[in-house]
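Biologist: I have the sequence and the coordinates open, and I'd like to go through them with you. Could we start with the terms and then look at the details?

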Amino acid sequence: MKATHMLPGARCQQLATSRSQLRPSAIPSPPPPPQTLIYRLSTQLRSAAPRVVVAGNDSSSPDEEQISNPDPHPATALAQHRFWETQPVRQFKDGLGPSLVEGPIEQPTPVDAVKQEPYNLPALYEWTTCDMDDDRTCAEVCNLLRDNYVVNEASTFRLSFSKEFLRWALCPPGYFKSWHIGVRVKATQKLVSFITGVPSRIRVRREVVRMAEVNLLCVHKKLRSKRLAPVMIKELTRRAHLENVWQAAYTGGLLLPTPIATCRYWHRSLNPKKLVDVRFYRLGPRMTMSRAVKLHRLPEAIVTLGFRKMELADVPAITKLLRGFLSQFFIAADLDEKDVEHWLLPVENVVDSYVVQKPGTNELTDFCSFYTLSSSILNNQNHSVLKAAYSLYNVSTKTPLHQLVNDALIVAKKEDHDVFNALDIMHNHAFLDKLKFGPGDWRRHYYLYNYRIPFALRSPALGLVLL
Ligand SMILES: CC(C)(COP(=O)(O)OP(=O)(O)OC[C@H]1O[C@@H](n2cnc3c(N)ncnc32)[C@H](O)[C@@H]1OP(=O)(O)O)[C@@H](O)C(=O)NCCC(=O)NCCS
């Protein structure tokens with residue numbers, strides 16, 4: 001069985017072939033450019049238990065397990081980037097190596113020296129700030145994304161952001177309304193472009209840096225290739241500078257100057273019958289439906305004693321667990337209790353989190369979480385929605401990680417998710433094969449704006465999930 005279509009998803013997420021259970025597709029996705037391949041799968045699997053740099057470690061370079069060698073993006077044969085070559089990002093031609101300074105590329109200016117007026121737009125358009133609390137505006141954003149955001153090549157799945165999801169994704173503690181930026185047609189007030197940032201703290205090695213996490217860049221299909229995207233990016237950058245934020249983190253499927261790391265989505269079928277029916281997967285010649293169903297069958301009940309849904313009272317203990325866990329990675333989210341409450345406390349059909357409470361005590365030993373994003377299925381008589389779960393953070397101190405995530409698969413299936421996706425970051429390698437995830441074809445690049453890391457990281461060095 002094989003995924004036949006790219007799943008439209010936030011930040012260019014895609015489904016792809018599982019090496020073991022899924023077969024080549026009749027409608028293949030274009031192969032990733034060769035220069036995006038950092039390292040081979042065999043290497044990836046060998047690193048199932050990666051050694052990691054501990055924050056506070058005084059070594060001057062990261063553990064070699066975290067570095068991709070040689071440079072995965074040598075300057076030769078890479079496309080020119082009229083816009084990105086003018087920006088404070090590590091350029092392909094810079095290469096890699098200890099001679100490059102790690103840290104901010106440009107120093108901040110005083111905030112009152114930041115350009116006060118928005119960038120110019122073509123005469124027919126105007127800037128708008130999208131108030132996500134306003135139901136009408138929020139619906140306009142949902143519609144713009146539904147019709148113009150990442151879609152699969154065959155246009156059979158259309159990502160469907162709910163208002164609840166957008167509010168969760170865009171309104172974390174301390175968010176700035178001014179970073180939810182739209183462009184409207186002056187005459188009709190139609191929303192035609194969108195970009196967002198949310199504030200976050202990201203630790204790079206030992207430095208905790210205030211950043212904007214940039215997401216949901218979208219230009220209406222009819223306005224493509226007119227260089228509007230760079231204006232959107234510059235305007236968001238200007239508004240971030242006005243809040244004294246000078247760095248940003250973002251991800252994407254497009255190879256731009258220059259990824260700090262490149263990772264891959266893996267996919268675990270929860271509902272093979274439906275995935276085949278909607279032509280999301282295709283059965284290979286030696287695979288029957290009953291075999292596929294059997295192969296992906298999960299236990300009815302969770303296995304781990306004390307496994308339960310996260311509650312508000314768990315926030316302090318989970319924050320502690322998570323901070324300890326994330327301190328292992330070269331780059332990681334720096335989350336406090338308010339962040340944990342926002343990002344991880346369950347919200348129906350948006351985010352799910354489970355803890356393991358040691359029986360007979362109040363001690364929380366393990367934690368797992370995922371968020372939910374659905375797509376509309378077009379032109380299918382039996383099904384209209386494809387529901388996907390995306391792994392967030394999984395921390396295991398007592399329960400084996402694969403058992404913990406298997407329990408997450410069971411609850412995700414009970415909540416009618418059709419597929420469970422996970423990036424090969426953090427310690428996720430340790431459960432992907434074991435739990436019958438299949439690797440996707442496409443890559444997701446992680447980028448930092450105005451912060452140079454003078455080497456390419458391997459995906460297990462990332463302790464950061466960007467939506
Ligand atoms: C992504 C999107 C906004 C780009 O718009 P566009 O009209 O194709 O591109 P424009 O002519 O406005 O601008 C081109 C510049 O933007 C850059 N760019 C395009 N997509 C980008 C992205 N996702 N992130 C950062 N920069 C991007 C290009 O690299 C190019 O700059 P360069 O010359 O330095 O390489 C548009 O294709 C779109 O809405 N796609 C669907 C949603 C989507 O894929 N969003 C990104 C999710 S990863």
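Modeller: Let me fix one term before anything else: a residue is buried if 20 or more other C-beta atoms, placed from the backbone, lie within 10 Å of its own, exposed if 12 or fewer do, and partly exposed in between. This is a predicted model, where local features need pLDDT of at least 70 and side-chain atom pairs count only at pLDDT 80 or more, while totals for chains, interfaces and linings use all residues. Residues are numbered from 1 along each chain as its sequence is written.

Biologist: Which residues are buried in helix H8?

Modeller: In H8, which spans residues 337–344, the buried ones are Val-340, Trp-343 and Leu-344. Seen down the helix axis, these buried residues fall within an arc of 80°, so they line one face of H8; the arc is that of the directions from the axis to the C-beta atoms. Helices (H or I, at least four residues) and strands (E, at least two) are DSSP runs, numbered from the N terminus.

Biologist: And what covers the buried residues of H8?

Modeller: The cover includes helix H7 (315–326), strand E12 (351–357) and strand E13 (364–377), where two residues are in contact if their C-beta atoms, placed from the backbone, lie within 7 Å. Leu-322 touches Val-340, and also Leu-335, Phe-367, Tyr-393 and Val-395, leaving out residues up to four places away in sequence.

Biologist: Stepping back, how many residues does the largest nonpolar core have?

Modeller: That core has 118 residues, and Leu-322 is among those with the most contacts inside it, together with Ile-318, Ile-331, Leu-457 and Leu-462. At least three of its residues come from each of domain 1 (2–33 + 262–463) and domain 2 (84–260), with domain bounds taken from an automatic or database domain assignment. A nonpolar core here is a set of buried Ala, Val, Leu, Ile, Met, Phe, Trp, Tyr and Cys residues joined through C-beta atoms within 7 Å.

Biologist: What share of the protein is buried?

Modeller: Buried residues make up 45% of the 467 residues, in a protein with ten helices and 17 strands. Of the contacts between residues at least 6 apart in sequence, 75% join residues at least 24 apart.

Biologist: Now the ligand: which residues are closest?

Modeller: The closest are His-81, Phe-83, Arg-224, Ala-229 and Gly-252, out of 23 residues that surround the ligand, a residue being near if its C-beta atom, placed from the backbone, lies within 6 Å of the molecule. Strand E6 (207–219) and helix H4 (228–242) are the elements that give two or more residues to this shell.

Biologist: Leu-216 is in E6 too; what is its phi near?

Modeller: Phi of Leu-216 is near 60°, a positive value in a residue other than glycine. Most residues other than glycine have a negative phi. Leu-216 counts as buried because it has 20 C-beta neighbours inside 10 Å.

Biologist: Asn-379 has a positive phi as well, so is that residue buried or exposed?

Modeller: Asn-379 is exposed, because 9 other C-beta atoms lie within 10 Å. Its phi is about 60°, and the residue is found in the loop between E13 and strand E14 (385–396).

Biologist: Last one: where does Ser-459 lie?

Modeller: Ser-459 lies in the loop between strand E16 (438–449) and strand E17 (462–463), and counts as buried because it has 25 C-beta neighbours inside 10 Å. Ser-459 touches Ala-261, Cys-263, Asp-424 and Ile-425, not counting residues up to four places away in sequence.
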